[in-house]
Amino acid sequence: MELTLDEALRRGIEAHQSGNIQEAERFYTAILKVDPRHPDANHNLGVLGVNVGQLERALGYFKTAVEVIPEVEQYWLSYIGNLLDLNHVEEANVVFDEARAKGFGGNPFDLKYSNSHMNFFKNLTVTATNFPDLSVLSM
């Protein structure tokens, strides 16, 4: 049975949130085989990478998500947080400035960034831009 990308994403998120990391990775990876620039699958694979300590691997996924849909604040926060986790502070500052130039800022964004800067950025959010009801669920 073939799944649509949306169904595969939904199942990946369900697996991810229930702690079935391998199953989630299987769905997200399958999505990327069809659409290598799928923003939610890229972002969520980045979150998985961070969760299992594969910070370098996560970086490319977060960067792709930001490049594809730069309007999603969580993509920027995840990308910046990952850069900080890798001690790439200068690059994180550049990316933060890019996000501010795109219109992100104000208390929630700045507070999350400052918390990231103090190495408290550990609460990444699984995203689904096509499923608004799922996009607010946290890991």
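**Salt bridges and confidence in a predicted model**

Good morning. Let me begin with one residue, Arg10, which counts as partly exposed at 25% relative accessibility. The structure before you is a predicted model, and I shall return to its confidence towards the end.

What does Arg10 form with Glu7? The answer is a salt bridge, in which the closest N and O atoms are 2.4 Å apart. In general terms, side chains of opposite charge can pair when their charged atoms come close. Please find both partners in helix 1, which covers residues 5-17. Arg10 and Glu7 are three residues apart there, about one turn of the helix. Glu7, like its partner, counts as partly exposed, and its relative accessibility is 22%.

Glu7 also takes part in a salt bridge with Arg11, at 3.0 Å from N to O. Arg11 and Glu7 are separated by about one helical turn, because they stand four residues apart in helix 1. The relative accessibility of Arg11 is 30%, so this residue counts as partly exposed.

I now turn to a pair that involves two helices. The side chains of Arg57 and Glu25 meet in a salt bridge of 2.8 Å, again from N to O. Where do these two residues lie? Arg57 belongs to helix 4 (residues 55-68) and Glu25 to helix 2 (residues 21-34), so the pair ties together parts that are 32 residues apart in sequence. Arg57 is partly exposed, with a relative accessible area of 37%. Glu25 counts as partly exposed as well, at 27% relative accessibility.

Returning to helix 1, salt bridges that share partners join Glu7, Arg10, Arg11 and Glu14 into one network. The count of salt bridges in the model comes to six.

Next, please look at His43, in helix 3 (residues 39-51). Is His43 buried or exposed? His43 is buried, because its relative accessible area is 0%, and under 20% is the cut-off for that term. A polar contact of 3.2 Å joins its side chain to that of Asn44.

Asn87 offers a contrast, being exposed with a relative accessible area of 63%. You will find Asn87 in the loop between helix 5 (73-85) and helix 6 (89-101). Its backbone deserves a moment of attention. Most residues other than glycine have a negative phi. Asn87 is not a glycine, yet its phi is positive, at about 65°.

Finally, I come to confidence. The mean pLDDT of the protein is 83, and 76% of its residues reach 70 or more. Which helix has the highest confidence, and which the lowest? Confidence is highest in helix 4, at 97, and lowest in helix 8 (residues 132-135), at a mean of 38. The pLDDT is also below 50 over residues 118-124, a stretch with 18 contacts in the model beyond near neighbours in sequence. Over residues 130-139 the pLDDT stays under 50, and the model has 23 contacts for them beyond four places in sequence. Where pLDDT is low, the predicted coordinates should not be read in detail.

Thank you for your attention.

How values were computed:
Residues numbered from 1 in each chain as written. Predicted model: local features only at pLDDT ≥ 70, side-chain atom pairs only at ≥ 80, totals over all residues. Heavy atoms only, no water. Buried < 20%, exposed > 50% of the residue type's maximum accessible area, 1.4 Å probe, protein only. Polar contact = N/O pair within 3.5 Å; in protein donor to acceptor, adjacent residues only side chain to side chain. Salt bridge = Lys/Arg side-chain N within 4 Å of Asp/Glu carboxyl O. pLDDT = per-residue confidence, 0-100. Contact = heavy atoms within 4.5 Å.
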